[in-house]
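Biologist: I am new to reading structures, and I would like to learn how the labels are earned. Could we go through this one together?

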Amino acid sequence: MSEQTKLIVEYQEIDKNLKLIEDEVNGSEEAKKYLTARKFLSTVKESLSELEAKAQASTESYNKIVADLEKSLASAKEYEKMVETCESESELDYLKKKFGEVCLQISQLEQTITAISKEMSEIYKEYGKLAQNNKVMRAQYDEYAPKLEELKNSKKEEVSKLKAELKKLEDQIDKALMDKYNVRRKDKKFPVVFGLDLSKKMNYCPFCRTSMPVSFMEELSLGVIKECESCHRLIYGFEPKKK
Ligand SMILES: [Zn+2]
């Protein structure tokens, strides 16, 4: 095993402990509750203004329809009055026809008003629900943000100790190799580095079982750290120590 391989394997061993702490913190009740609340609060403003815009539009069309209805009611009254004083037969027929048309308009406008009222009450219901959730999530945030902070603080000493150890090793590891490691670590590909027992003559990735070409195996036996083409984990070859 090359010196660089030994170092990166050692690095990963220590990093494993750091990863355990990270997983413990991220998987905790504190983190989950905090994140749910934070996510809700980050979008609630937008949701509220969307609802406000909807309510505004509904109110405007409601007012417009109500004004139309008042006009139609006034015309209906007008025609009614004219019928009372009308003497000509043909004019009377005309007025009756007009009166019928206005009555139809009135009933259509009334239906539209009912529909808009229903829509508005839905919007208000939704608004109320959102406002209630907002209250709950705000309280959850206020409760769990400090709890999460406290949990993180309780690990602080251990974390900085591990980070210091990692830093010491990092200074000895080739930058290109370290970068490769860090990219995978960030992508949550952990463990990053895998050893392949060359004495077993098995030519597949120890993590994902994708088979590897002969040239790949040869390079491994020369001490090169290779990358699996499929899962992109880093692979090194080793021979078990003879007893
Ligand atoms: Zn693989």
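Modeller: Gladly! Let us begin with a term: a pocket is an open set of grid points with protein on both sides within 12 Å along at least five of seven lines. Please keep in mind that this is a predicted model.

Biologist: What volume does the largest pocket have, then?

Modeller: The largest pocket has a volume of about 300 Å³. It is lined by 13 residues, and those closest to its centre are Ile21, Glu22, Val25, Asn26 and Lys152. Helix H1 (3-26), helix H2 (29-85) and helix H3 (89-170) are the elements that each give two or more residues to this lining.

Biologist: What makes a cavity something other than a pocket?

Modeller: In a cavity a 1.4 Å probe fits but cannot get out, whereas a pocket is open. The count here comes to 1 cavity of 30 Å³ or more. The largest cavity has a volume of about 40 Å³, and its lining consists of Thr210, Ser211, Met212, Pro213, Phe216, Cys228 and Glu229.

Biologist: Cys228 caught my eye. Which residues coordinate the zinc ion?

Modeller: Cys228 is one of them: the zinc ion is coordinated by the SG atoms of Cys205, Cys208, Cys228 and Cys231, at 2.2 to 2.3 Å. A donor has to lie within 2.8 Å of this kind of metal, and the distances of 2.2 to 2.3 Å meet that cut-off. Along the sequence, the donor residues follow the spacing C-x2-C-x19-C-x2-C. Cys208 and Cys231 link distant parts of the chain, 23 residues apart: Cys208 sits in the loop between S1 and helix H5 (214-221), Cys231 in the loop between S2 and S3.

Biologist: Why is the arrangement around the zinc ion called tetrahedral?

Modeller: Four donors earn that name if all angles lie between 85 and 135 degrees. Here the 4 donor atoms subtend angles of 104 to 114 degrees, so the arrangement is tetrahedral.

Biologist: Are Cys208 and Cys231 buried or exposed?

Modeller: Buried means under 20% relative accessible area, exposed means over 50%, and partly exposed is in between. Cys231 has 8%, so it is buried. Cys208 has 26%, so it counts as partly exposed.

Biologist: What makes Arg209 exposed?

Modeller: The cut-off for exposed is over 50%, and Arg209 has 53% relative accessibility, so it counts as exposed. Lys201 is exposed too, with a relative accessible area of 71%. Lys201 is found in the loop between S1 and H5, and Arg209 lies in that loop as well. Neither is a glycine, yet phi is positive in both: near 55 degrees for Lys201 and about 70 degrees for Arg209.

Biologist: Which peptide bond is cis?

Modeller: The bond from Phe190 to Pro191 is cis, with omega near 0 degrees. Pro191 lies in the loop between helix H4 (175-186) and S1.

Biologist: How do you know that S1 and S3 pair?

Modeller: Two strands pair if at least two bridges are found between them. Strand S1 (residues 193-197) and S3 are joined by 5 bridges and run parallel, with Leu234 in S3 as the bridge partner of Val193. Strand S2 (residues 226-227) and S3 are joined by 2 bridges and run antiparallel. In that pair, Lys226 stands opposite Ile235. Between S2 and S3 the hairpin has 6 residues, and His232 takes a positive phi near 60 degrees there.

Biologist: Why are S1 and S2 said to stand at the edges?

Modeller: The 3 strands form an open sheet in the order S1-S3-S2, with mixed pairing. S1 and S2 each have a single partner strand, so one side of each is left without a neighbour in the sheet.

Biologist: Why is strand S3 described as largely enclosed?

Modeller: Of the 5 residues of strand S3 (residues 234-238), 4 are buried, so the strand is largely enclosed by the rest of the structure.

Biologist: Last one: how is the chain divided into domains?

Modeller: Domain 1 covers 27-170 and domain 2 covers 175-238. Taken over C-alpha atoms, the centres of domain 1 and domain 2 are separated by 55 Å.

Key:
Residues are numbered from 1 along each chain as its sequence is written. This is a predicted model: local features need pLDDT of at least 70, side-chain atom pairs count only at pLDDT 80 or more; totals for chains, interfaces and linings use all residues. Side-chain values use heavy atoms; hydrogens and water are left out. Buried means under 20% relative accessible area, exposed over 50%, partly exposed in between (1.4 Å probe, protein chains only). Donors are N, O and S atoms within 2.8 Å of the metal (3.2 Å for Na, K and Ca); water is not among the atoms, so sites may look incomplete. Four donors count as tetrahedral if all angles lie between 85 and 135 degrees; four count as square planar and six as octahedral if opposite donors are over 155 degrees apart and all others between 65 and 115; anything else is irregular. Domain bounds come from an automatic or database domain assignment. On a 1 Å grid over the protein atoms alone, a cavity is a set of points where a 1.4 Å probe fits but cannot get out, and a pocket is an open set with protein on both sides within 12 Å along at least five of seven lines; lining residues have an atom within 4 Å of a point. Grid points are joined across faces, edges and corners, and a volume is the space filled by probe spheres set on the points.
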